[in-house]
Amino acid sequence: MRIKFKLNGKEVTKEVEVHKRAIDFLRDDLKITSIKEGCGEGECGACTIIVNGKTVHSCLMLAVELDGKEIITLEGVEDSIKMAFVKAGAIQCGFCTPGFIISTKYLLDNNPTPSEEEIRDALEGNLCRCTGYIKIIEAVKIAAKGCENND
Ligand code: FES
Ligand code: FES
């Protein structure tokens, strides 16, 4: 089936098998390898992308469901958010990082000045085995400050 959608602001038209998952299509066919597969079951958040303004697990979605949608992956996220993760030292192995950055973008797009509790709630669906989360929370606070300063 031929599908057409916007990926990080660019129109994409591509043939896809109807049973292919969105994560496999984006990683294998479009080489968006920032999307990671941790659990493959909607539990870890490593495969999180934004589809029409909402975060979704691309491991639980079919590629054909992307038809007509606007997709944002790590590649489409503003550098200020990515740099906040670097500044806070919130990246260790980095496997979970794209998913956390996508969830952070979603949070800040909808709530530019989140409380710590709101940050924790927003990141609830993302798991990290390495950092203990404290530096990730710090990264989101730095990113939020950056957004504030840009306003
Ligand atoms: S790989 Fe999709 S939620 Fe874990
Ligand atoms: S930095 Fe390794 S899983 Fe999060």
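**Figure 1. Salt bridges across the interface of domain 1 and domain 2 in the predicted model.** The rule (a side-chain nitrogen of Lys or Arg within 4 Å of a carboxyl oxygen of Asp or Glu) finds zero salt bridges across this interface. Three residue pairs, both members at pLDDT 80 or more, are in polar contact across the interface. A polar contact is a pair of N or O atoms within 3.5 Å; within protein, one must be able to donate a hydrogen and the other to accept it, and residues adjacent in sequence count only if both atoms are side-chain atoms. On the side of domain 1 that touches domain 2, β3 and β4 (54-57) each supply at least two residues.

**Figure 2. The two domains and the area between them.** Domain 1 spans 2-73 and domain 2 spans 77-148, with bounds from an automatic or database domain assignment. Their centres, taken over C-alpha atoms, are separated by 21 Å. Domain 1 contributes 17 residues to the contact and domain 2 contributes 11 residues, where contact means heavy atoms within 4.5 Å. Between them the domains bury about 1100 Å², with 66% of it on carbon and sulfur atoms; buried area is the accessible area (1.4 Å probe) that two parts lose on being put together, summed over both.

**Figure 3. Strand β1 and its pairing partners.** Helices (H or I, at least four residues) and strands (E, at least two) are DSSP runs, numbered from the N terminus. In β1 (residues 2-7) the side chains alternate: I3, F5 and L7 are buried on one face, while R2, K4 and K6 point to the other and are not buried. Buried means under 20% relative accessible area (1.4 Å probe, protein chains only). Strands pair if DSSP finds at least two bridges between them. β1 runs antiparallel to β2 (residues 10-15), joined by six bridges, and K4 has T13 as its bridge partner in β2. Two residues lie between the strands of this hairpin, and N8 in the turn has a positive phi of about 50 degrees. With β5 (residues 70-72), β1 pairs in the parallel sense over two bridges; the partner of K6 there is E70.

**Figure 4. Helix α1 and its cover.** The buried residues of α1 (residues 22-29) include A22, I23, F25 and L26. Among the elements covering the buried residues of α1 are β1, β2 and β3 (48-51). K31, which follows α1, has a positive phi near 60 degrees.

**Conventions.** Residues are numbered from 1 along each chain as its sequence is written, chains are lettered from A and ligands numbered from 1 in the order in which they are written, and side-chain values use heavy atoms, leaving out hydrogens and water. In this predicted model local features need pLDDT of at least 70 and side-chain atom pairs count only at pLDDT 80 or more, whereas totals for chains, interfaces and linings use all residues.

Conventions
Buried means under 20% relative accessible area, exposed over 50%, partly exposed in between (1.4 Å probe, protein chains only).
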